[in-house]
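Please open the model in a viewer and keep the sequence panel visible. The tour proceeds by selection, stop by stop.

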Amino acid sequence: MLSASTLSASILRATFRYATFMGFIFFGIKGNRTDGCLVAQNRYRYKGFCILSRILVCVLYGYLSIVDILWVLDNTHLTILACIRLGCNIICAFVILMMQFWFGQRVLRLVNCYFRLFRKVNALPGCEDVGFGGRRELTLLFFKVICLLSQIFCELPQLYSQFSLEACIEVICETYTDVGGSMIGHMCFVGYLSIGALYAQLNRYVRHELRRQLRSLEQPNGCQAGRRELKAAGCRLDECLSIYVEIERVGSAFHRLMEIPLCLILMFSFLSMAVVSYYIMLNKFRDFSLWLLVIRLFVDVVLLTLAIHGACSSSRVVRRLSLENCYVSERNDWHMKMEMFLSRLNLYEFRVCPLGLFEISNELILVFLSGLVTYLTYILQYSMQTNQI
């Protein structure tokens, strides 16, 4: 029977191939020849193909969108929606090009750091399960796959309704640029979800295995543990502390790399939801496809927020494990070891605060929902008074 971690790893492999096919991921993952460990390697030819194809598609998409805005669309609200969509996709495409061309080596180093961290955590006793996360990660990945599939198939009705060469080219360009823009949010989701999975797996080891090993130092007759036992326990503490520090360091490096794209994707998602919801109200709630768009954008933001909140909360769980009550020794070096372990854990708390403006947590969704409902309620009352609805 497949476990949740194995299913999550399979979903990640499938989404990796999908992102590679869409030109977002430019590197390959292969097993190292020496030990068989997974390593991210640069694919220079495919990287050049991704950059050139994205530039070509974006130019063609911009031309077709400008033609539609100037000559086809006759509704002011639809024109505003098209302009916002065009601006968001072009900016996201520029960010992807910068990440592939300018920050390519930095991305590769970061991916390899993730692989190294998972190998270290899986090497701990009791953590030999080869996979990714648990049930929580599987649930979030399942809903993320649903959002990916809905984004792909949302353009198919338009293709069937007006089948022609020009319509095919336009649909392909729109799908390619839309998926590329949303891939930034998906990459942030996977990165922060991985940080949360690493913290959760290491916390389980500390909660069960490490505490059991520390409590085994207590002798039944009240004798003190020997130097060898204390040295072995100290090595385990140092190993756990080094992994905690490395997780926080890798997570902070990923956050610094994706800080501006994360702000952009959140801003574009909130703006798109507000504008599309406003148009739905003016259209008397009749456009079902726009409702699906709003729901998909909202679910994407919720999943991203849950992944970030899970990573931040998991980094604070270890403080409540009460390891200081496990074993008391008369040796000063052991007391110093435990104090350093517990105090340094308090220093390496993982936080996500884009550009220092706000901290991403579950409360962010509530703040946005309250503001959106207030805004739409005001618009609805004003439209009813002016007989627009």
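Begin by selecting Lys144 and Phe189: Lys144 lies over the face of the Phe189 ring, at 4.8 Å from the ring centre. A charge is said to sit over a ring if NZ of Lys or CZ of Arg is within 6 Å of the ring centre and within 35 degrees of the ring normal. The model is a predicted one, in which local features need pLDDT of at least 70 and side-chain atom pairs count only at pLDDT 80 or more, while totals for chains, interfaces and linings use all residues. Residues are numbered from 1 along each chain as its sequence is written, and side-chain values use heavy atoms, with hydrogens and water left out.

Next, select Arg43 and Tyr46. The charged end of Arg43 sits over the ring of Tyr46, 4.7 Å from the ring centre.

**The whole chain**

Now colour the chain by secondary structure. The protein chain holds eleven helices and two strands, and along the sequence they follow the pattern α-β-β-α-α-α-α-α-α-α-α-α-α. Helices (H or I, at least four residues) and strands (E, at least two) are DSSP runs, numbered from the N terminus. Of the 389 residues, 49% count as buried; buried means under 20% relative accessible area, exposed over 50%, and partly exposed in between, with a 1.4 Å probe and protein chains only. Among contacts with a separation of 6 or more, 81% are accounted for by residues 24 or more positions apart, contact meaning heavy atoms within 4.5 Å.

**Around Leu303**

Select Leu303, which is in helix H9 (residues 288-317). Is Leu303 buried or exposed? At 4% relative accessibility, Leu303 counts as buried. Show its surroundings: leaving aside neighbours within four places in sequence, Leu303 is in contact with Leu140, Phe143, Lys144, Cys147 and Phe189. Two of these contacts, Lys144 and Phe189, are the charge and ring of the opening stop. Leu303 and Leu140 are 163 residues apart in sequence, yet 6.6 Å apart in space, C-alpha to C-alpha.

Move to Phe143, in helix H5. Phe143 is partly exposed, with a relative accessible area of 39%. Measure from Phe143 to Val299: the C-alpha atoms are 8.2 Å apart, and the residues are 156 apart in sequence.

**The nonpolar core**

Select Leu304. Which residues does Leu304 touch, not counting those up to four places away in sequence? They are Gly185, Cys188, Phe189, Tyr192, Leu262, Ile265 and Leu266. Add Tyr192 and Leu262 to the selection: of the 100 residues in the largest nonpolar core, Tyr192, Leu262 and Leu304 touch the most other members. Helix H8 (residues 227-282) gives the most to this core, with 23 residues. A nonpolar core is a set of buried Ala, Val, Leu, Ile, Met, Phe, Trp, Tyr and Cys residues joined through side-chain atoms within 4.5 Å.

**Aromatic pairs**

Display the aromatic rings. A search of the whole structure finds eight aromatic pairs. Phe16 and Phe27 form a tilted pair, 6.1 Å centre to centre with 45 degrees between the planes. This pair links distant parts of the chain, with Phe16 in helix H1 (residues 4-21) and Phe27 in strand S1 (residues 27-31), eleven residues apart. Phe16 is partly exposed at 22% relative accessible area, whereas Phe27 is buried at 7%.

Phe118 and Phe132 also form a tilted pair, at 5.8 Å centre to centre and 40 degrees between the planes. Phe118 is in helix H4 (residues 104-122) and Phe132 is in the loop between H4 and helix H5 (135-153), 14 residues apart. Both Phe118 and Phe132 are buried. Rings of Phe, Tyr and Trp (its six-membered ring) pair if their centres lie within 6.5 Å; planes under 30 degrees apart count as stacked, over 60 as edge-to-face and the rest as tilted.

Return to Phe16 and add Phe26: Phe16, Phe26 and Phe27 form one aromatic cluster.

**A last stop: Asn122**

Finally, select Asn122 in helix H4. Asn122 counts as buried, at 18% relative accessibility. Asn122 and Leu198 are 76 residues apart in sequence and 9.5 Å apart in space, C-alpha to C-alpha.
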